Structures are given as C-alpha cells and as structure tokens.
Amino acid sequence: MSTTKPTGPGAGAQLVLDLGLRPAMGREDFLVAPSNEAAVAAIDRWPDWPAPVLVLVGPAGSGKTHLAEVWRTRCDAVRITARDLDEDMVKALGEAGTVILEDAPGPALNERALFHLVNHLRELGGYLLITSRSYPAQWAIALPDLATRLKAAAVTALSAPDDMLLRGVLVKLFQDRQIAVDEALISYMIARMERSMEAARTLVEEIDRRALAARAPVTRRFAGRVMDELSDPGEPDEE
C-alpha cells in the first residue's frame with residue numbers, strides 16, 4: 001500500500017492507494033490495477049504459459065514495455081524491436097531461449113525472420129514475448145506458415161490506464177521526487193491529462209522542473225498553470 005501525507009495549501013486527509021506493487025528490478029515500481037491485471041497474471045504464469053509465444057497487446061502508454069521489462073529482468077530475455085529483426089539477428093541468438101520482440105508488426109516486419117525466430121525458440125524449448133498495439137489477427141501477414149504460428153500464440157491485453165492506475169502512477173511519480181500531493185491535485189490532473197503512463201511521467205517531470213525553477217510549492221493552481229501552458233505552448237511562461 002502506498003500513502004502520502006499532503007502538505008501546503010489545500011492539504012486534506014491522508015491519501016491512501018490500495019494498489020498492488022510490483023518491483024521492476026531497477027526501474028520504477030509496476031502498479032497493478034484492473035486495466036492491466038490480466039496481462040500481469042499472464043506474465044506471472046511464465047514459464048507455465050499455454051503457448052511458447054505470448055502477445056502482449058495494448059495502446060500506446062498502457063505499460064506494455066514496462067511489463068515486458070519486468071519479464072526480461074526475470075528471465076534475462078534478449079530484446080529486439082520489430083523494425084530491426086532480420087534473419088542474421090535470429091542466427092546470432094545462439095542458445096538464448098527467451099526473447100522479447102517489441103512494437104510488432106511495425107511498418108515493415110520481416111516475416112521470414114519472425115517465422116525463423118519462432119521456430120528457433122520452439123526447437124530450444126524457449127519463449128517469445130511480443131508487444132503490439134494490435135492483435136495478431138489484425139496483422140497483414142502474407143507468409144502462410146507464420147500466420148499459422150501466430151494463430152497458435154497466446155494473447156493477453158492491457159487497456160488504457162484507468163483512474164485507479166493513473167492515480168497510483170501520479171502519486172508514485174511525485175513521491176519519487178519527494179513531492180507530497182493531495183487528493184484534490186491528483187483528481188484535477190486525472191480529469192485533464194492524456195490517459196497514458198508516458199503522459200503522466202512527462203507531466204510530473206515538467207511540474208517538478210518548473211516548481212524547482214520558481215521555488216514554488218506544487219499546488220493545484222500551479223499544476224493547472226503548467227498543464228495549460230503545455231497544452232498551449234505558444235503562451236508565455238508566467239512563473
């Protein structure tokens with residue numbers, strides 16, 4: 001459980017977040033919420049996956065890369081991006097039995113290389129985790145044998161962060177910077193911000209940067225001014 005003790009203008013009761021906390025081995029903690037719990041459970045089941053290939057599907061900013069990093073740290077997987085995948089790269093894997101393929105299918109997926117990668121890992125008794133913004137059935141796969149392999153893959157999905165997850169992420173990002181926050185500030189930000197992990201990180205970083213520069217407390221009014229200026233960068237900075 002994560003808590004903060006808000007201070008300053010508008011401080012209210014202690015803010016309590018009842019979210020699962022998953023260490024990400026050298027990265028920020030991974031918060032578990034309804035929007036990602038099925039995908040987290042799928043990762044947790046490794047190596048008892050229903051298929052040697054698992055496709056992790058979700059929109060941008062949903063946490064796919066972060067969750068893939070949790071798995072990579074756990075099993076020392078090799079990470080490859082779909083745009084870089086080629087047959088020479090597959091040959092160079094040698095005995096590596098766990099691989100992450102990120103951002104599939106990409107604009108120019110090397111289908112033959114992916115087919116060889118899947119077969120290579122099957123021969124080793126290994127595992128492939130693929131991250132994608134779309135389901136494999138939606139990929140325009142021309143190679144019949146690869147299409148067959150992908151139909152046999154297990155698929156799990158993350159949705160865009162819900163309010164519970166965004167709340168937890170924002171509070172933790174502020175905590176990491178030793179900034180106390182209250183319920184009113186977090187609720188205000190959630191109602192106005194883009195619903196993604198990346199947007200949360202960018203917003204907190206910018207609020208912190210400007211607060212330090214102005215030597216100002218992080219209040220709802222201050223955060224609102226920063227959000228307004230970020231949404232309309234043509235406005236002058238009035239800090």
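**Exercise 1. Which residues do ring pairs link into a cluster?**

Solution. The structure is a predicted model, and four aromatic pairs are found in it. Begin with Trp46 and Tyr127, whose rings lie 5.8 Å centre to centre with 80 degrees between the planes, an edge-to-face arrangement. This pair links distant parts of the chain, since Trp46 sits in the loop between helix H1 (37-44) and strand E5 (53-57) while Tyr127 belongs to strand E8 (residues 127-132), 81 residues apart. Next, examine the surroundings of the two rings: Trp46 has 16% relative accessibility and therefore counts as buried, and Tyr127, with a relative accessible area of 19%, is buried because the cut-off is under 20%.

Turn then to Trp49 and Trp71, whose ring centres are 5.3 Å apart and whose planes meet at 25 degrees, so this pair is stacked. Trp49 lies in the loop between H1 and E5 and Trp71 in helix H2 (residues 64-75), so the pair ties together parts 22 residues apart in sequence. Trp49 and Trp71 are both buried. The cluster linked by ring pairs thus consists of Trp46, Trp49, Trp71 and Tyr127.

**Exercise 2. Determine how strand E5 is covered on its faces, and with which strands E5 pairs.**

Solution. First count the buried positions: five of the five residues of E5 are buried, and the strand is mostly covered. Then separate the faces, keeping in mind that in a regular strand the side chains alternate between the two faces of the sheet. On one side of E5 stand Val53, Val55 and Val57, on the other Leu54 and Leu56, and all of these are buried, which leaves both faces covered.

Finally, identify the strand partners. E5 and E8 run parallel and are joined by five bridges, with Leu54 standing opposite Leu129 of E8. E5 also pairs in the parallel sense with strand E9 (residues 154-157), over four bridges, and there the bridge partner of Val57 is Ala157.

**Exercise 3. Describe the surroundings of Leu67, beginning with the element in which it is found.**

Solution. Leu67 is found in helix H2, and its relative accessible area of 1% explains why Leu67 is classed as buried. Leaving aside residues up to four places away in sequence, Leu67 touches Phe30, Ala39, Val40, Ile43 and Leu56. For one of these contacts a backbone separation can be added: the C-alpha atoms of Leu67 and Ala39 are separated by 8.4 Å, although the two residues are 28 apart along the chain. Leu56, another residue touched by Leu67, is on the side of E5 that also carries Leu54.

**Exercise 4. Characterise the packing of helices H6 and H8 by geometry and by the residues in contact.**

Solution. Two packed helices are described by the angle between their axes and the distance between the axes. For H6 (residues 163-176) and H8 (residues 197-214), the angle is about 35 degrees and the axes are 10 Å apart. The crossing in which H6 passes H8 is right-handed. On the H6 side the contact is made by Leu165, Val169, Leu170, Leu173 and Phe174, and on the H8 side by Met197, Ala200, Arg201, Val204 and Ile207. Sorted by class, these comprise nine nonpolar residues, no polar residues and one charged residue.

**Exercise 5. Place the preceding details within the protein as a whole, using its secondary structure, burial and contacts.**

Solution. The secondary structure comes to nine helices and nine strands. Of the 239 residues, 48% count as buried. Among contacts between residues at least 6 apart in sequence, 66% join residues at least 24 apart.

Terms used:
Residues numbered from 1 in each chain as written. Predicted model: local features only at pLDDT ≥ 70, side-chain atom pairs only at ≥ 80, totals over all residues. Heavy atoms only, no water. Axes fitted to C-alpha atoms, helices over the stretch in contact; angles between N-to-C directions. Helix = DSSP H or I, 4+ residues; strand = E, 2+ residues; numbered from the N terminus. Left-handed = near helix turned anticlockwise from the far one by under 90°. Contact = heavy atoms within 4.5 Å. Nonpolar A, V, L, I, M, F, W, Y, C, P; charged D, E, K, R; others polar. Phe/Tyr/Trp six-rings, centres within 6.5 Å; stacked < 30°, edge-to-face > 60°. Buried < 20%, exposed > 50% of the residue type's maximum accessible area, 1.4 Å probe, protein only. Pairing = 2+ DSSP bridges.
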